[in-house]
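Please open the model in your viewer and keep the selection panel at hand. The stops below run from individual side-chain pairs out to the whole chain.

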Amino acid sequence: MLAPQSSITPEERERAARHLLIDAAAATAIGALNSGVVLLALAIHIGATNSEIGLLAAIPLLTQILQAPTVKLVERLRRRRLISVTCVFFARLALPTYAAVPFIPDRDVAAGVLLAAALLHYGLNAVGACSWNSWMRDLLPPERLGHFFARRGVYGTLVSTVATVGAAVALEWADGSHALGDRIYSALYLVGFVFGLISTAFLAMVPEPQMPRGGPTASLYKLLLQPLKDRNFRNMLRYLASWQFAVNLATPFFTVYFVRELGFSMSFVLILTVVSQLASVSVVRGWGQLSDRFANKSVLSVATPLFLLCIAGMAFASEFESTTARSAYLVVLHIVMGAAGAGVGLASGNIVMKLSPEGIATSYMAANALISAVAAGSAPIVGGWAADFFAKRQLRLNLEWVSPSGTNALFGLVFTHWEFFFLLSALLGLYTLHRLTAIQEPGAVEGREVVGHVWTSARRTLRNASSVAGLRIGVAFPGGDLIRARQGKRVSIFALLESTKRRLGFGATAMATALDASFREPEADDSFDALLRQLDKID
């Protein structure tokens, strides 16, 4: 039933596209109902320690490393649908396990089961994603990729919106009582499991073309090692690794801080997440225009410290006495963080592409994904330990005036536990600015010129809101493209950018339109500059 087919008719491809849209909608519902903030909320609900929460946050990132050896598995079995469907089916068996966690009386056992279920879920999903990427590349015609994934993104966005609202309402109810929360969290994961079965069933109905027989494959080790010989790319990897470590050291624990320290509900935390995402989407086009005008390195020199300042700013949230003022402060911080994160993501993704030589860009992207995954995944583990360490320590800053008549306290500031931890994370992030200076990119200008242009553009943006599209950095592993690279097949910049967009789940219609146009124009120059020209055509 899951065997590859020697030939696939156009009617079968059209039917497969409809099945993939249903698969995408159901899979998106799982992500909104069962991952991210909801998973951390479950960990907080059962009383997980900071170290356990750090491990839980690290698992989705570290398991991406499994995609590298999966490349050889796909090439050996040559049955990508079998690998993908089997992996996602067993991965989604973790969802009913999650549902049982709230009813385990022993807290330590419950936390252990939660971590084991997460390892099963994300690990098998990573293995399945590698074969899925290669499968989709051979199944869907190149001229239809942009249009199809734009539709897929729209479907996913609509379902995600509804599911996120449902999750927010459920989390608000879960705060009513612990017993009620047990039932609500269990129900969320059981609903997610139903969506998982729907997704798996429709994915299994999508046909798989036979993998083309290639010649001798190149060494995977040499392909991944090759980019490390490039000095300028090594500098870029050092910047990205230090950035991923600094950011993921603190951000996974924001939810813990908001709920346990500041007393906010999980529904409010989910609202903050949505606010940050909306801010990211709304400014990414502006960042793209800045990167075209000032070069990507200049954008990074502004967006990176801005994001780090927001992490440091979290340390002052507890200084607000009023809940309303504290809420407004956190909303503003998340808006700025979303905007700054979009700038870092867009510029980082662009500069990695520009530094990747044509024809072997897949190796560079794969090396970047693996190193970023290790840095991002190790950070929450260290962060969980550090959070427990700083729980019993304080940082006091006092300003006093001493005179013959006595001592008067003029100013006093005390940072405890989380506040101290966030400040330290921001300070460690300053190392990324040092690594940024070592990257060589033609056309970079001083950061203050970008700031001036941002300010001018921001005033216009208040009057003219517009939709945006772009790329962001991630730890998604280009498994499908790496399989082609090992067979000696050339992977174009356009194709690599499109597959990167697909793996990261972009629903940006403008980007899909640009990529679709590039595939359809025979005179299009297969280069990074040609992609920029295509994006410039989009209003």
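With which residue does Arg80 form a salt bridge? The partner is Glu208, and the closest N and O atoms of the two are 3.1 Å apart, where a salt bridge is defined as a side-chain nitrogen of Lys or Arg within 4 Å of a carboxyl oxygen of Asp or Glu. This is a predicted model, in which local features need pLDDT of at least 70 and side-chain atom pairs count only at pLDDT 80 or more, whereas totals for chains, interfaces and linings use all residues. Residues are numbered from 1 along each chain as its sequence is written, and side-chain values use heavy atoms, with hydrogens and water left out.

Stay with this pair and show the backbone around it: Arg80 lies in helix 5 and Glu208 in the loop between helix 9 and helix 10 (220-225), so the salt bridge ties together parts that are 128 residues apart in sequence. Helices are DSSP runs of H or I with at least four residues, and strands are runs of E with at least two, numbered from the N terminus. Arg80 counts as buried at 0% relative accessibility, and Glu208 is likewise buried, with a relative accessible area of 0%; buried means under 20% relative accessible area, exposed over 50%, and partly exposed in between, with a 1.4 Å probe and protein chains only.

Next, select Glu52, Arg107 and Asp108, which salt bridges with shared partners join into one network. Arg107 pairs with Glu52 at 3.0 Å between the closest N and O atoms, and this link connects helix 7 (residues 107-139) with helix 3 (residues 50-62), the two residues being 55 apart. Arg107 also meets Asp108 in a salt bridge, at 2.2 Å from N to O. Across the network, Glu52 is buried at 18%, Arg107 is partly exposed at 27%, and Asp108 is exposed at 51%.

Move now to Arg78, in the loop between helix 4 (67-77) and helix 5 (80-92). Its phi is near 60 degrees, a positive value in a residue other than glycine; most residues other than glycine have a negative phi. Arg78 is buried, with a relative accessible area of 17%.

Then select Ser35, in the loop between helix 1 (10-34) and helix 2 (37-45). Ser35 counts as buried at 19% relative accessibility, and, leaving aside neighbours within four places in sequence, it is in contact (heavy atoms within 4.5 Å) with Ile30 and Tyr122. In helix 2, which follows this loop, nine of nine residues are buried, and just after that helix Gly47 takes a positive phi of about 80 degrees.

For the interior, display Tyr98, Leu114, Phe258 and Leu330, which touch the most other members of the largest nonpolar core, a set of 101 residues. Such a core consists of buried Ala, Val, Leu, Ile, Met, Phe, Trp, Tyr and Cys residues joined through side-chain atoms within 4.5 Å. Helix 15 (residues 323-355) gives the most to this core, with twelve residues, while a second, separate core of 18 residues includes Trp132, Leu139, Phe149 and Val206.

Finally, zoom out to the whole protein, whose secondary structure comes to 22 helices and two strands. Of its 539 residues, 54% count as buried.
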